[in-house]
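Let's walk through this one together, chain by chain, looking at how the pieces touch. Have the structure open and turn it as you read.

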Amino acid sequence: MNHISPVLWQYLVKWLTNFAVIPPEASTIAPQVDALLIFMTLVSLVGLTLVALIITTFCIMYRREKSPVATQIEGSTLLEATWTIIPLGLFLIMFVWGSVLYFRIYTPPTNAMNIYIVGKQWMWKAEHPGGQHEINSLHVPIGKPVQLTLISQDVFHSFSIPAFRVKREAIPGRYTTVWFEATKTGTYHLFCTQYCGTAHSAMIGDIVVQTPEEYKLWLSSSTSGVSLAQNGERLFASLSCGACHNGQPDARGPNLGHVFGSKLTLTTGQNVLVDEAYLRQAILNPSAHITQGFAPIMPTYQGQISEEGLISLVEYIKALNLNERIQQTTNTTELLPEVPEGPKAKSAATAAQGVAKP
Amino acid sequence: MSTIVSLPDQATARVPKRNYITEENGLLSWLLTGDHKRIAMLYMGSITFFFFIGGAMAGLIRLELLTPMSDLMASDTYNKVFTMHGIVMIFLFLVPSVPATLGNFLIPIMIGARDLAFPKINLLSWYLYLAGGALALYAMITGGVDTGWTFTTPLSTHYVNTNVVTTGLAIFVAGFSSIFTGLNFIVTIHRMRAPGMTWFKLPLFCWANYAAAILMVLGTPVVAIAFVLVLLERTIGIGVFDPQKGGDPLLFQHLFWFYSHPAVYIMILPGMGVISEVISTFARKRVFGYTAVAFSSVAIAVFGFFVWAHHMFIMGISNYAMLVFSLLTMLVAVPSAIKIFNWSFTLYKGSITFETPMLYAFGFMGLFTIGGLTGVFLGTSGTDIHLTETYFIVAHFHFVMVGGMLMAFLSGIHFWWPKMTGRMYPEKISQLAAVVTFIGFNFTFFPQFLLGMLGMPRRYAAYPPEFQVLNVFSSAGASILGVGYLLPMLYLVWSLKYGEVAGNNPWQATGLEWQTQSPPLTENFKEIPIVTQDVYDYEWLERQKEHEVTQVG
Amino acid sequence: MSLEQQQETASFGMWLFLLTEIMFFGGMFTAYLIYRNWYYPAFVAGSHTLDITLGTFNTLLLIVSSFTMAMGVWCAETRRQKGLVWSLIATIILGLGFLGIKTIEYKEKFELHHVPGASFDAMSFVNVPLDKDGKPKDKALAPDMATHTEIYFSLYFAMTGMHAVHMIIGIGILFVLLYKAAKGAYSTGHITTIENFGLYWHFVDIVWIFLFPLLYLISRH
């Protein structure tokens, strides 16, 4: 958009929004997607006009009254090449541009705050790390990257926020992610866009974008008092995970402190990155991935734990990285500090060893 | 307006006494026929019947969507209605439409053969189609099915208790009808061309149906097995798509779309073949870039097999898979563009008239261009994220399927009506119907692009009130569209008795089918022709007319 | 159409039909490849419960039946009516033998609760039964991997079941051909039908040649 005058751009977007042709632009990626959409619309208009003009002109010039005898023409390789290469070129531009946008939308930044979304027939449940639970709504702060980790409890659903230009399928059996950064406060539509049965059209809600102060207020007033990680700690105990994962050197199960974000070597020799999806799989399907040096004795918890339970456990294991247990138990109303994920987490955790800072 | 229609003197002309319709009488002679022309007519009747049913479903959908609330029917009922609308329209109307009616009727005549390679299998095809259709009707009457035509698992395997099994079987059986038709076409075009009819003298209609036949033959079995697995999972509980048993629900989508994407090319390619014939005839010119158009058909068929996951961009496929499928989608868009330009340039230095088939062809070109371009919006992954699963998709595929394919079908029906029946349809009312259809179509489906852009999801019985205005526009358009479709049903039937006698070649077209009587003899030709002229050879036609002897029935 | 043209078109048609059959089975082979990759230990365990003697014997039956079918085609080409009839009979018997053994195998699977669905019991892969020496018959699986054996058996039944359906249809057609051959229909040089059916029968055989190692021979020593 730097190439178009910002004033012109604002005008165009306002005009389009007021005439209700595009939804409001409420995220950082929305203007970028709109730019491509406008480009494609222009190209299409030009293409359509061209074809319409050609047809109309020829129909007028060569109608039978004016042109009683047709001239047989075989073709023109030059023309064929032209109208092969130019459309192909335009389509390839769109391909590259669109792919860049796609990568951007589906590659969350490492400092995004994570909110879990569980879809089920026929409602959306949002689980904030601080223990706030929402149904059919999602409160997010403005100006902060937010990652959504989605899963479905039953059939395919799709979490769609038209104002942010993002959408992601919620699939039964594994996590999917999407991220956004909201840029305008307000309330926007949330739709389920994957047909999921009887009340598919009722599986709608609100995305509420708030200023940081409003958001803090909302967090403190909506907390259940138990953060996800705390709930996970409770589950960890009640499911007796600690019997094997007790952190001792001779333990039957691998040490879970700092395991999130690390690279594990499995008994098959394969290396895996431990992310949320891996942890969820490890709880439900342990014998598919056994850490090297350990026996395949972990029982499966399939059927014994809900998706919310799994989310809590995953959050708990993530929290083990930061020795934030103390902070977790006392603070449920603050936004969790921005945490770099992945390999960086390990070094950050080592640096923050022992003392937690708000 | 000038016209090229050239009819015999109506005072003395008669429809030839001996033709494929009068050859034998009695119901059994039709039900047990091996004559490709009779089978084509049998198909014509049956697909029209299913078109009515699918159309009625569409009417119900648009009625419900007049208001934001789900007030006309219960949501469950609405879900069944749109599911069955899709299944009937796709599997029982669009897929067989041009190939089974026009293709069956014309391909043997166009290549100079007496029939298709396997007449009995052709008849079997029709019965399989009827069986599939009957099963689908049965499923509809005894409770319907509400999974969407895409049968997404695990919804279809574990979360609905409607007639999934019966409908799955119906599609399985109808699929074999399609496979056998495709098989017949491929073998016929390869092996039964008349002497002198080389590949590059084939009318483009044959090329188009040939390409579609390849898709039918190779693609349909995969959706057959996908349905078998769904049925097994539903009935005995094998877990191939069930995440709780370690199965992958996304596997179903891969198997399903592996067919269903080529399926859309199965639907559109024969329509494109019709357009080639019509534009050539009403511009009195060989199609511009014949070779390019022929090869484009095959290119669409080949590329069409490698783009299926563009229906799954947001389903959690890897970024790299997205790159491959998005790129290939851009490639498959190009041959269609090539065809549009070639058809447009066929008009250059032509001698153009505007009879009804030509009007439908123009409608096709405009609407298919819009539909195809919006396909690029969707094949581009970054914009697909915003537009997928919304009314943008609904608008896109209706533009290509209804604005494109159905217009092409109507164009073809009108174009070859005199050949198939010996009678002309009434020109003025048919031109009116074409215009009404075009207007109604745009009113119905263009607002849906805007709805999709605004985010309105598809398959919604109820929607936020701010979407109502566009929905009302759309429903209003649908009523106009309905009139546009009803008119041909009425006047075409009327023309069977009261239409003008057509004669051999009312359009003065090239093509072997126009050099025989209307309606043709059962054996198509008194003698198998030896083809010396080029395809679309209007100069040859002129010379023929100079030596013409009027055919006596 | 000339006789030669008719024969060529019929042959072309049959080859094309076999191509559709490849696409049909291909869907299941794809599913098999993916799940075997994901759940290899479960596939090994499942495969080991199949009787390799019966499977090998069945494979031999089918290969010999392909030979007898080829003999039949030769007999038809050389107008040996009696030879053709006996070849068809032999093919039918071998085919029925194959199906008979398959029935025995399916019955055993049913008894062991290896049929996917409500009665599927994965626990026999966790608590592996002992053989006569008191050693477990096979390596025990962890419970969650054991549940994936249901996927293996799902594919086993779907693939061999679909194959069996094609065999049954083939045997049905063989009976018709036998009846006509006995009346002399194929001894006059008009052998297209026999030839093309031979193609179909060989195809069904080849599908089994792929199914056998993929289903029966996973990690056998």
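Start where chain A meets chain B: the two bury about 7,400 Å² between them, and 68% of that area comes from carbon and sulfur atoms. Keep in mind as you look around that this is a predicted model. Three residues stand out on the chain A side. Trp83(A), Tyr102(A) and Tyr195(A) together supply 11% of what chain A buries against chain B, and no other three residues give more. In terms of head count, the contact draws on 80 residues of chain A and 94 residues of chain B.

Now for the polar side of that interface. The rule picks out one salt bridge between chain A and chain B. To find it, go to Glu74(A) and Arg286(B), whose side chains meet with 2.9 Å from N to O. Polar contacts are another matter: 32 residue pairs make them across this interface, counting pairs with both residues at pLDDT 80 or more.

Which parts of chain A do the touching? The elements that put two or more residues into the side facing chain B are α2 (30-61), α3 (77-106), β7 (166-170) and β9 (186-192) of chain A. Of these, α3(A) gives the largest share, with 17 residues. Sort that side of chain A by class and you get 45 nonpolar, 24 polar and 11 charged residues.

Next, swing over to the place where chain B meets chain C. Here about 2,600 Å² is buried, with carbon and sulfur atoms giving 77% of it. On the chain B side, look for Arg191(B), Ile225(B) and Lys245(B), which supply 22% of the area chain B buries against chain C, more than any other three residues do. The contact itself takes 32 residues from chain B and 31 residues from chain C.

This interface has two salt bridges by the rule. One of them joins the side chains of Lys245(B) and Glu150(C), at 3.1 Å from N to O. There are also eight residue pairs in polar contact across it, both partners at pLDDT 80 or more. On chain B, the helices α6 (164-191), α7 (204-235) and α8 (249-283) each bring at least two residues to the side that touches chain C. The largest share, nine residues, is from α7(B). By class, this side of chain B splits into 24 nonpolar, five polar and three charged residues.

Stay with Glu150(C) for a moment. This residue sits in helix α6 (residues 149-182) of chain C. Is Glu150(C) buried or exposed? Its relative accessibility is 7%, so Glu150(C) counts as buried, the cut-off being under 20%. And what surrounds it? Setting aside neighbours within four places in sequence, Glu150(C) touches Gly237(B) and Lys245(B) from chain B, plus Pro116(C), Gly117(C) and Phe120(C) from chain C.

Last stop: helix α16 of chain B, residues 538-546, where the buried residues are Tyr538(B), Trp540(B) and Leu541(B). Why do these three count as being on the same side of α16(B)? They cover an arc of only 150 degrees around the axis, so they end up on the same side of the helix. Among what covers the buried residues of α16(B) is α8 of chain B, a helix that also supplies at least two residues to the side of chain B touching chain C.

How values were computed
Residues numbered from 1 in each chain as written. Chains lettered and ligands numbered in written order. Predicted model: local features only at pLDDT ≥ 70, side-chain atom pairs only at ≥ 80, totals over all residues. Heavy atoms only, no water. Contact = heavy atoms within 4.5 Å. Buried area = accessible area lost by both parts, 1.4 Å probe. Salt bridge = Lys/Arg side-chain N within 4 Å of Asp/Glu carboxyl O. Polar contact = N/O pair within 3.5 Å; in protein donor to acceptor, adjacent residues only side chain to side chain. Helix = DSSP H or I, 4+ residues; strand = E, 2+ residues; numbered from the N terminus. Nonpolar A, V, L, I, M, F, W, Y, C, P; charged D, E, K, R; others polar. Buried < 20%, exposed > 50% of the residue type's maximum accessible area, 1.4 Å probe, protein only. Arc of directions from axis to C-beta.
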